[in-house]
Amino acid sequence: MSLPHAILTALLEKPSSGLELTRRFDRSIGYFWSSTHQQIYRELGRLEQAGYIRALPSVAPARGQKKEYEVLPAGREELAGWVDTPEDPKPLRSALLLRMRAAAVVGGTGLRAELERHLGLHRRQLEEYLEIEVRDFPAERRTAEPDRLRHLVLRGGIDLERFWVEWLTHALAELDATAPDAGKA
């Protein structure tokens, strides 16, 4: 996935300014495709130059007024083409897993605390996703195509967080079971 396609998706859902896009990324798309404020603004400029989006005419022109963008037909076409293009899964890149591999070689005293910290973060993220599901996707809204697909994306996040919570809980139990004084009583 790429940032331009994430922005085109967000703008097709609702024309927005760069600031509004940043806020919307923080509340939705950013859960699975994060981006900084600067990256979004830079990409808006590129998309506008490519003819995929345009700034909506403002009611009263004023210096420093925020621009609101909408997707042009060429942008919709670009996004539709991207949606229909096959893409292989990308390998997982996790600093935590790499840190654990390194700890197996050089040791480390902070690994348990880091695993516990990650467990807390994933539990909180899972709770947030579950709250979003209750709030935004009651059973009656899950049948309409756009809501059904959005809900499936959220379910992917929920399932992924459940995986991490379960895996981290197991990893911590393994550390406890193999600790030098485990079994001494």
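How many helices and strands are there in the chain? In this predicted model, the count comes to seven helices and three strands. Taken in sequence order, these elements run α-β-α-α-β-β-α-α-α-α. The chain is no neat ball: its radius of gyration is 22 Å, whereas the globule rule gives 16 Å for 185 residues, so the chain is more spread out than a compact globule. The box that holds the C-alpha atoms fits that picture, at roughly 75 × 40 × 35 Å along the principal axes.

A few whole-chain numbers fill in the background. Of the 185 residues, 28% are buried. The exposed surface adds up to about 12700 Å², and carbon and sulfur atoms supply 56% of that area. As for charge, the chain carries 27 positive and 28 negative charges, and the mean positions of the two sets sit 5 Å apart. Contacts also reach along the sequence: taking those between residues at least 6 apart, 56% join residues that are at least 24 apart.

The N-terminal part of the chain is a handy place to start on single residues. Helix 1 covers residues 3–13, and Ala 6 is found in it. Ala 6 has a relative accessible area of 1%, which is under the 20% cut-off, so Ala 6 counts as buried. Ile 29 comes 23 residues away from Ala 6 in sequence, yet the two C-alpha atoms are 7.3 Å apart in space. Glu 43, in helix 3 (residues 37–49), has contacts back in this part of the sequence. Setting aside neighbours within four places in sequence, Glu 43 touches Leu 3, Pro 4 and Ile 7. Despite being a glutamate, which is counted here as a negative charge, Glu 43 is buried, at 11% relative accessible area.

Lys 14 belongs to the loop that links helix 1 to strand 1 (16–17). With a relative accessibility of 46%, Lys 14 falls in the partly exposed class. Gly 156 is 142 residues from Lys 14 along the chain, and the C-alpha to C-alpha distance between them is 23 Å.

Further along comes helix 5, made up of twelve residues (95–106). Does its length fit the expected rise, or depart from it? At 1.5 Å a residue the helix should span 16 Å, and its end C-alpha atoms are 16 Å apart, so the two values agree. Right after helix 5 sits Gly 107, with a positive phi near 80°.

Helix 7 spans residues 145–178, and Glu 161 has its place there. Arg 162 lies in helix 7 too. Are these residues buried or partly exposed? Glu 161 has 9% relative accessibility and counts as buried, while Arg 162, at 38%, counts as partly exposed. Leaving out neighbours within four places in sequence, the contacts of Glu 161 are His 122, Gln 125, Leu 126 and Tyr 129. The last of these, Tyr 129, is 32 residues from Glu 161 along the chain, with 8.9 Å between the C-alpha atoms. On the same basis, Arg 162 is in contact with Leu 126, Leu 130 and Arg 155. Leu 126 therefore turns up in the contact lists of both Glu 161 and Arg 162, with contact meaning heavy atoms within 4.5 Å.

Arg 162 also gives a link back to the start of the chain. Pro 4, one of the contacts of Glu 43, is 158 residues from Arg 162 in sequence, and their C-alpha atoms lie 29 Å apart.

Terms used: Residues numbered from 1 in each chain as written. Predicted model: local features only at pLDDT ≥ 70, side-chain atom pairs only at ≥ 80, totals over all residues. Heavy atoms only, no water. Helix = DSSP H or I, 4+ residues; strand = E, 2+ residues; numbered from the N terminus. Rg over C-alpha atoms; globule rule 2.2 N^0.38 Å. Buried < 20%, exposed > 50% of the residue type's maximum accessible area, 1.4 Å probe, protein only. Areas by Shrake-Rupley, 256 points an atom, 1.4 Å probe, with all protein chains shown as cover. Charge placed at Lys NZ, Arg CZ, Asp CG, Glu CD. Expected span 1.5 Å × (residues − 1).
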